[in-house]
Amino acid sequence: MDRYTVVGVLQEIKRHYGVSDSGLGLLQTVFICSFMVAAPIFGYLGDRFNRKVILSCGIFFWSVVTLSSSFISQEHFWLFVLSRGLVGIGESSYSSISPTIIGDLFTNNSRTMMLSVFYLAIPLGSGLGYILGSSAKEAAGDWHWALRVSPVLGITAGTLILAFVPEPKRGSADRMGGRIKTRTSWLFDMKALAKNRSYVFSSLASAAVSFATGAFGIWIPLYLARAQVVQKTAEPCTKDICSSTDSLIFGAITCVTGLLGVVIGAATTRLCRQKTERADPLVCAVSMLGSAIFICLIFVVAKKSIAGAYVCIFIGETLLFLNWAITADILMFVIIPTRRATAVAFQGFISHLLGDAGSPYLIGLISDGLQQSYPTSALWGFLSLGYALMLCPFIIVLGGMFFLATALFFLDDREKAEKQSSQLTRPPSSAKV
């Protein structure tokens with residue numbers, strides 16, 4: 001939520017610190033980069049130490065940093081940028097560790113359902129963050145209060161985790177009875193992950209999803225605003241502050257489609273598991289390939305109908321978000337419990353590195369290059385951005401292919417993980433008296 005609370009007050013941050021659009025973009029870049037760098041570290045710690053303590057400390061850390069950043073003066077924008085990097089470090093703690101705790105508390109269909117509930121927080125948090133930031137800003141008459149409300153919620157959540165969330169034994173839900181006999185080194189874990197074909201392909205597919213969602217979040221509202229100018233239903237924005245209607249509508253659609261996608265994905269997977277053991281990666285593959293079709297249609301219908309474009313966005317994003325919880329469940333199946341936090345962390349690292357860390361900039365770069373042909377044409381500005389965004393459905397199709405590749409190796413890798421899990425433990429009765 002904290003990340004999207006800041007998005008809700010970007011215009012105010014720009015005026016307060018007197019920075020350009022590239023300065024605002026730097027906030028997201030620093031956040032993502034620090035998130036990526038910290039994720040493997042938390043993955044290592046999460047496989048070896050008390051996870052709920054690490055998780056709570058990360059939440060407390062980013063809450064305090066967010067609160068402190070609301071008091072940074074106008075002359076120290078660099079310090080505000082640094083604070084976003086520190087928030088990224090804190091947020092990487094829960095994203096790397098939380099799924100592994102769930103994985104050790106539940107199994108099979110129950111685990112899928114609980115992971116779905118966990119991943120519902122992504123679209124819900126993004127929507128609430130937007131609303132919270134705008135509401136707090138308007139209620140207090142000061143944008144700084146948008147950064148002073150979310151830390152209260154974060155500290156509350158961290159306290160509840162410490163007080164009520166159990167710290168399950170690694171592998172307890174997978175019936176790994178007894179104590180862990182051997183614990184492998186970090187280097188050995190990394191080599192094992194690199195050799196796990198299901199993990200590698202599903203991570204690449206996850207990066208494809210991240211690429212598309214990162215680009216859409218930045219550029220789709222602007223693309224639709226340009227479409228309205230071309231349709232002559234709106235005037236080009238020449239004011240310091242432009243209308244945020246398209247951004248709010250897109251944010252609301254993303255919130256709803258995220259919720260629907262996760263719920264539909266979990267339900268569909270449970271049904272398909274009755275037909276095939278490869279249901280998880282196959283559902284992801286079909287949903288991504290279907291999503292690519294509707295996302296392509298966005299750029300076909302937007303010139304004539306904004307409403308039609310929103311319908312295509314709704315269906316395309318719903319199908320795209322279907323695989324959020326399923327991807328995490330695939331990881332739980334093919335990775336042994338003592339290696340899962342590291343696996344989750346590096347999957348997040350790869351997803352951001354190859355996905356949303358660079359996709360917004362790349363789309364903008366392509367669009368700028370195309371616009372140079374007719375720099376003053378509103379129509380060409382609209383078309384050039386659309387042509388640049390057409391890269392996204394091709395990346396999504398590539399992600400669908402990666403999920404199909406995952407399906408080929410899924411059963412073998414799951415069987416290997418089950419055998420390795422049993423070899424890592426010894427029954428309590430074998431201990432010396």
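# A walk through helices and salt bridges

At a relative accessibility of 2%, aspartate 280 counts as buried, so select that residue as your starting point. Keep in mind as you go that this is a predicted model.

**Stop 1: around aspartate 280.** With aspartate 280 on screen, add arginine 273: the two form a salt bridge, and their closest N and O atoms are 2.7 Å apart. Now bring in Asp329 as well, since Arg273, Asp280 and Asp329 are linked in a network of salt bridges. How many salt bridges does a search of the whole structure find? The search finds five. Side chains of opposite charge can pair when their charged atoms come close.

**Stop 2: arginine 339 and aspartate 189.** Next, select arginine 339 together with aspartate 189, whose side chains meet in a salt bridge at 2.9 Å, N to O. This pair links distant parts of the chain, with the two positions 150 residues apart. Arginine 339 sits in the loop between helix H14 (324-334) and H15, while aspartate 189 belongs to helix H9. Are these two residues buried or exposed? Arginine 339 is buried, and aspartate 189 is buried too.

**Stop 3: helices H9 and H15.** You already have a residue of H9 selected, so extend the view to the whole helix. Show H9 as residues 186-195 and H15 as residues 340-354; they pack at an angle of about 60°, and their axes are 11 Å apart. That angle makes H9 oblique to H15. The crossing of the two helices is right-handed. Which side chains should you display here? From H9, pick Trp186, Met190 and Leu193, which meet Thr342, Ala343 and Phe346 of H15. Sorted by class, this contact has five nonpolar residues, one polar residue and no charged ones.

**Stop 4: helices H10 and H17.** Two packed helices are described by the angle between their axes and the distance between the axes. Apply that to the next pair: select residues 197-230 for H10 and residues 378-389 for H17, whose axes come within 9 Å and cross at roughly 150°. H10 and H17 are therefore roughly antiparallel to each other. Here H10 passes H17 in a left-handed crossing. On the H10 side, the residues making the contact include Phe216, Trp219, Ile220, Tyr223 and Arg226. On the H17 side, look for Leu379, Phe382, Leu385 and Leu389, among others. By class, the contact of H10 with H17 has 13 nonpolar, two polar and one charged residues.

**Stop 5: leucine 55.** Move along to helix H4, residues 51-69, and pick out leucine 55. Its relative accessibility is 5%, so leucine 55 counts as buried. Which residues is leucine 55 in contact with, leaving aside its neighbours within four places in sequence? They are Ser93, Tyr94, Ser98, Ile101 and Ile161. For a distance to check in your viewer, take the C-alpha atoms of leucine 55 and serine 96: they are separated by 9.0 Å, and the residues lie 41 apart along the chain.

**Stop 6: lysine 419 and glutamate 415.** Finish in helix H18, residues 391-423, where lysine 419 and glutamate 415 are four residues apart and therefore separated by about one helical turn. Their side chains meet in a salt bridge, 3.5 Å from N to O. Lysine 419 counts as partly exposed because its relative accessibility is 48%. Glutamate 415 is also partly exposed, with a relative accessible area of 40%.

Key: Residues are numbered from 1 along each chain as its sequence is written. This is a predicted model: local features need pLDDT of at least 70, side-chain atom pairs count only at pLDDT 80 or more; totals for chains, interfaces and linings use all residues. Side-chain values use heavy atoms; hydrogens and water are left out. Axes are lines fitted to C-alpha atoms, for helices over the stretch in contact, and angles run from 0 to 180 degrees between N-to-C directions. Angles under 35 degrees count as roughly parallel, over 145 as roughly antiparallel, 65 to 115 as roughly perpendicular and the rest as oblique. A crossing is left-handed if the near helix is turned anticlockwise from the far one by less than a right angle, and right-handed if clockwise. Contact means heavy atoms within 4.5 Å. Ala, Val, Leu, Ile, Met, Phe, Trp, Tyr, Cys and Pro count as nonpolar, Asp, Glu, Lys and Arg as charged, and the others, Gly among them, as polar. Buried means under 20% relative accessible area, exposed over 50%, partly exposed in between (1.4 Å probe, protein chains only). A salt bridge is a side-chain nitrogen of Lys or Arg within 4 Å of a carboxyl oxygen of Asp or Glu.
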